[in-house]
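This report covers one protein chain, from its overall make-up down to a single charged residue. The sequence and model are shown first.

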Amino acid sequence: MLPPIAFVTCGLVWGTTFLAIRVGNESLPALWACSIRLAVAAAILSIIQIALRQPWPKGDALKAACWYGFLEFGVGLPLLYWGERVVPSGLAAVLYAICPITAMFAAKALGMEQWNLRKLGAAGFAFFGVVVIFWREVLAGASAPGFTSIILAACAAPVAALMLQ
């Protein structure tokens with residue numbers, strides 16, 4: 001019974017992330033909204049961990065968790081919150097969809113992935129799609145710092161995940 005509950009919970013939380021960021025940014029400065037959300041999540045997850053008597057990570061697992069936390073929660077999410085101050089949440093969600101592309105390049109840089117023509121072609125096609133989607137906003141004077149912030153967040157997330165490998 002626990003896996004379906006966990007799946008639905010993850011879907012609800014992750015599915016509403018960009019809307020939650022927008023609402024948080026309307027109420028508080030971006031970094032405060034991000035910090036409060038992460039503090040609440042940390043408290044809830046710590047209670048669950050203690051209730052389930054799960055051990056805290058040690059050694060290499062702790063090192064990987066620290067790198068993940070720094071890149072995802074210390075770099076990625078603050079950039080995403082900051083970028084969403086000026087970029088609509090739906091647009092931010094679509095722009096953030098370049099994560100698989102950045103994951104492929106990061107995995108190659110870390111020696112974890114080999115490229116082939118199919119992968120590079122798919123990445124190029126996906127990137128072209130993102131450019132087509134956002135071209136009008138760029139020409140209309142959309143916030144370059146906001147877009148850049150979200151792109152950097154989309155780069156930090158997969159690198160953080162790769163730190164757990």
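The sections below treat the fold, the surface and charges, and then residue E84.

## Fold and dimensions

The model is predicted. The protein chain contains eight helices and zero strands, so the order of elements from the N terminus reads α-α-α-α-α-α-α-α under the helix and strand assignment used. Along the principal axes, the C-alpha atoms occupy a box of roughly 55 × 45 × 30 Å.

Among contacts with a sequence separation of 6 or more, 79% join residues 24 or more positions apart.

## Burial, surface and charge

Of the 165 residues in the protein chain, 28% are buried. The exposed area of the chain comes to about 10800 Å², and 74% of that area is supplied by carbon and sulfur atoms.

The chain carries 10 positive and 6 negative charges. The mean position of the positive charges lies 6 Å from that of the negative charges.

## The site at E84

E84 sits in the loop between α4 (59–83) and α5 (89–95). This residue is buried, yet has no salt bridge. R22 is the nearest side chain of opposite charge, at 4.1 Å. Because a salt bridge requires a Lys or Arg side-chain nitrogen within 4 Å of a carboxyl oxygen, the 4.1 Å between E84 and R22 does not qualify.

Leaving aside residues up to four places away in sequence, E84 touches F18, I21, R22, N25, S89, A92 and I150. R22 is thus listed both as a contact of E84 and as its nearest side chain of opposite charge.

Note on methods. Residues are numbered from 1 along each chain as its sequence is written. This is a predicted model: local features need pLDDT of at least 70, side-chain atom pairs count only at pLDDT 80 or more; totals for chains, interfaces and linings use all residues. Side-chain values use heavy atoms; hydrogens and water are left out. Helices (H or I, at least four residues) and strands (E, at least two) are DSSP runs, numbered from the N terminus. Buried means under 20% relative accessible area, exposed over 50%, partly exposed in between (1.4 Å probe, protein chains only). Contact means heavy atoms within 4.5 Å. Accessible areas come from the Shrake-Rupley method with a 1.4 Å probe; for residues, only the protein chains shown count as cover. Lys and Arg count as positive and Asp and Glu as negative; His and the chain ends are not counted. The place of a charge is taken as NZ of Lys, CZ of Arg, CG of Asp or CD of Glu.
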